[in-house]
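Trainee: I am new to this structure and would like a close look at a single part of it. Could you choose one place, walk me through its surroundings, and then set it within the whole?

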Amino acid sequence: MDQSELKQHIKQLIIQECDKEDEFDWRELEDAEQLFGGDSRIQMDSLDALQLSLALQQRYGVRIEGARDGRRVLASVNSIVEFILQAR
């Protein structure tokens, strides 16, 4: 799987795990778009982060340790992809 395919899968996973299917199409997500905070269109919360972290662990075998790493890794599609690629 190349990096663009991985980004596509991550975008689909974010929309699915955060229950945003009715609000967003995965193609609308930008690679560098912030996923947390008031300026974020997705506005992930801590429950979304937990669900996404578990899904990433199941699908890609990566573990996100602690809230600080979670915020850094789950900041954007780019940061998630970078984390997965570094962990491989």
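Mentor: What follows starts with one loop residue and then widens to the core, a second loop and the whole chain. Please keep in mind throughout that this is a predicted model.

The place I would choose is Ser-76, which lies in the loop that links α3 (66-73) to α4 (77-87). Although one might wonder whether a residue in a loop is buried or exposed, Ser-76 has a relative accessibility of 7%, and because buried means under 20% relative accessible area, Ser-76 counts as buried. If we set aside the neighbours within four places in sequence, the residues in contact with Ser-76 are Asp-31, Ala-32, Glu-33 and Leu-35.

From there we can turn to the nonpolar core. The largest such core has 26 residues, and the members that touch the most others are Ile-10, Ile-14, Leu-56, Leu-74 and Ile-80. Two or more residues of this core come from each of α1 (3-17), α2 (46-60) and α4. Ile-10 shows in detail what such packing involves: beyond the residues up to four places away in sequence, Ile-10 touches Leu-56, Tyr-60, Val-77, Ile-80, Val-81 and Ile-84.

A second loop residue is useful to set beside Ser-76. Glu-21 sits in the loop between α1 and α2, and with a relative accessible area of 46% Glu-21 is partly exposed, whereas Ser-76 is buried. Once residues up to four places away in sequence are left out, Glu-21 touches Ile-15 and Gln-16. Leu-35, which we met as a contact of Ser-76, is 14 residues along the chain from Glu-21, and the C-alpha atoms of Glu-21 and Leu-35 are 15 Å apart.

Stepping back to the whole, the protein chain contains 4 helices and 0 strands, so its elements read α-α-α-α from the N terminus on. Its radius of gyration is 12 Å, close to the 12 Å that the globule rule gives for 88 residues, and the chain is therefore as compact as a globular protein of that length. Of these 88 residues, 43% are buried. Among the contacts with a separation of 6 or more, 55% join residues that are 24 or more positions apart, and the contacts of Ser-76 with Asp-31, Ala-32, Glu-33 and Leu-35 may be read with that in mind. On the outside, the chain exposes about 5,400 Å², of which carbon and sulfur atoms supply 42%.

Terms used. Residues numbered from 1 in each chain as written. Predicted model: local features only at pLDDT ≥ 70, side-chain atom pairs only at ≥ 80, totals over all residues. Heavy atoms only, no water. Rg over C-alpha atoms; globule rule 2.2 N^0.38 Å. Buried < 20%, exposed > 50% of the residue type's maximum accessible area, 1.4 Å probe, protein only. Contact = heavy atoms within 4.5 Å. Areas by Shrake-Rupley, 256 points an atom, 1.4 Å probe, with all protein chains shown as cover. Core = buried A, V, L, I, M, F, W, Y, C linked by side-chain atoms within 4.5 Å.
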